[in-house]
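Visitor: I have just opened my first structure, and I would like to learn how to read it. Could you walk me through it?

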Amino acid sequence: MIKIAVLGIVGLILCLIVKELRPEYASYISMATGICILLLATGKLEYLLDMVKKMEKYVPIDSTYLYTLFKMIGITYVGQFSAGLCKDAGYSSIAGQIEVFCKLSILALSMPILSSLLDTIQGFLT
């Protein structure tokens, strides 16, 4: 976490310095910093995925639900990342559309899980 914080602060300081001299390069530095943080985060996600696979061996969990959860987390992270970049560049309307699309994507992914839950509840009631 300290690496990420330091990387973010260094990227911020570089953006502030460069913004005074060449404002067009500040957004490039911001994007590069964000991509570096994203790449560092993928290592953590790999670790989480490995741990979930180990837990599946001990507890019988349908892997479809877990992979759907990871997809939702990925959509959320990528959506927030890209929306943040758009906001930094001054395109808040595009950022808003990205956020709406991410929410709709997560809702669409959750429909099979909701359907399965309703089937289970119906099975208890009958």
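Visitor: Which residues in H2 meet residues in H3?

Guide: Keep in mind that this model is predicted. To find a contact between two helices, look for the residues that touch on each side. From H2 come Ser30, Met31, Gly34, Ile35, Ile37, Leu38, Ala41, Leu48, Leu49, Val52, Lys53 and Glu56. They meet Ser63, Leu66, Tyr67, Phe70, Tyr77, Phe81, Leu85 and Asp88 in H3. Sorted by class, that contact has 14 nonpolar, three polar and three charged residues.

Visitor: At what angle do the axes of H2 and H3 cross?

Guide: At roughly 170°, and the axes come within 12 Å. Angles over 145 degrees count as roughly antiparallel, so H2 is roughly antiparallel to H3.

Visitor: And how do H3 and H4 cross?

Guide: Read this pair in the same manner. Their axes come within 8 Å and cross at roughly 175°, and therefore H3 and H4 are roughly antiparallel to each other. On the H3 side, the contact includes Tyr65, Thr68, Lys71 and Met72; on the H4 side, Ile94, Ala95, Ile98 and Glu99 are among the residues involved. The residues of this contact divide into twelve nonpolar, nine polar and three charged.

Visitor: Is Thr68 buried or exposed?

Guide: The cut-off for buried is under 20% relative accessible area. Thr68 has 10%, so Thr68 is buried. This residue lies in helix H3 and, not counting residues up to four places away in sequence, touches Leu109 and Ile113.

Visitor: What about Thr33 in H2: buried or exposed?

Guide: Apply that cut-off again: Thr33 has 13% relative accessibility, so it counts as buried. Leaving aside neighbours within four places in sequence, Thr33 is in contact with Leu7, Gly8 and Gly11.

Visitor: Which residues of H4 are buried?

Guide: They are Ala95, Glu99, Cys102 and Ser105, and these buried residues pack against H3.

Visitor: How does the span of H4 compare with what its residues should give?

Guide: You can check a helix by comparing its expected span with the distance between its ends. H4 covers residues 92-125, and at 1.5 Å a residue its 34 residues should span 50 Å. The end C-alpha atoms are 47 Å apart, which agrees.

Visitor: Where does H4 have a kink?

Guide: Follow the helix along and look for a change in direction. In H4, a kink of about 35° lies at Met111, shortly before the proline Pro112.

Notes
Residues numbered from 1 in each chain as written. Predicted model: local features only at pLDDT ≥ 70, side-chain atom pairs only at ≥ 80, totals over all residues. Heavy atoms only, no water. Axes fitted to C-alpha atoms, helices over the stretch in contact; angles between N-to-C directions. Helix = DSSP H or I, 4+ residues; strand = E, 2+ residues; numbered from the N terminus. Parallel < 35°, antiparallel > 145°, perpendicular 65-115°, else oblique. Contact = heavy atoms within 4.5 Å. Nonpolar A, V, L, I, M, F, W, Y, C, P; charged D, E, K, R; others polar. Buried < 20%, exposed > 50% of the residue type's maximum accessible area, 1.4 Å probe, protein only. Expected span 1.5 Å × (residues − 1). Bend = angle between axes of the 7 residues up to and from the residue.
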